[in-house]
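I opened this entry to follow one residue and the strand that holds it. I write down each term with its cut-off as I come to it.

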Amino acid sequence: MDGSVTVITNPTVSVRVTSTVSSFEVNRRFNRGITIAEFKSKLEMIVGTPAAFMDLELFSTSDKLLQKLDDNEALLGSYPVDDDCRIHVTDRSGTQSGEFTDLSKVEKFEISDEAYEKRADSIRNFKKNMKLGRFNEETRAKQEEALAKKEEEEKAAAEAIAVGNRCKVQVPGQPTKIGTVMFVGTADFKPGYWVGVKYDEPLGKNDGSVNGKRYFECEPKYGAFVKPLSVTVGDFPEENYGLDEM
């Protein structure tokens, strides 16, 4: 023995990810050998913010700000990133943070349907007189035809999905999510066909139950129900964090 000490650094690091566009905190493991630019691309799949519009800040395990991760060419491992540190993503694309979207805090003027029906100056009365919207038989027939067509498309999409399939869920305005199909069919909470998915990350809304009725089993915040047309089944393995060997 020559008395030397060899320091072995884990090639991966587990961090907490937060962002200005979501209240979720996600735990993910990343390879220290990727660049910050590559790191941002992976974060884009998690938080939904385009990589080009990200500002990253590194916080310690006790949530003390350490520094910005602002060199796209630098390696993630070149920064003092340790397990359980927090990476905060600031979205500069203009995506709404949700701070002012709670409509329950807005004072509302309310009127009964019966009283509104009697008003001569209402939008509803104007549409009736002008035969607009649902008061136009031709327009209503077209709307019903479009609804029936969409229901047929959803039914066909649902029939092509099976419990156990790996899938990708793409809902407009939300980040792409990967998971496993746990339920396919109609449900009590809303009409139409629904697909119950257990996500790989806690990006869902429930534990496989809605309004007290259980449709499948999973951990809280890992389950969600989406429309069949938002689901693509295929070979979507769980993230291997860029490692060639384990």
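**T18 and its strand**

I looked up T18 first and found that it counts as buried, because its relative accessibility is 12% (buried means under 20% relative accessible area, exposed over 50%, partly exposed in between, with a 1.4 Å probe and protein chains only). I noted that this is a predicted model, in which local features need pLDDT of at least 70 and side-chain atom pairs count only at pLDDT 80 or more, while totals for chains, interfaces and linings use all residues. Residues are numbered from 1 along each chain as its sequence is written, and side-chain values use heavy atoms, with hydrogens and water left out.

I then checked the confidence (pLDDT, the predictor's confidence in each residue, from 0 to 100), and the protein chain has a mean of 85, with 86% of its residues at 70 or more.

Next I listed what T18 touches (contact means heavy atoms within 4.5 Å): leaving out residues up to four places away in sequence, these are F24, E25, R86, I87, H88 and V89.

I placed T18 in strand β1, residues 12-19 (strands are DSSP runs of E, at least two residues, numbered from the N terminus). Seven of the eight residues of β1 are buried, so the strand is largely enclosed by the rest of the structure.

Last, I followed the pairing of β1 (two strands pair if DSSP finds at least two bridges between them). β1 runs antiparallel to β2, residues 22-31, with seven bridges, and parallel to β5, residues 85-91, with five bridges. I saw that V17 has V26 as its bridge partner in β2 and I87 in β5.

Notes. Helix = DSSP H or I, 4+ residues; strand = E, 2+ residues; numbered from the N terminus.
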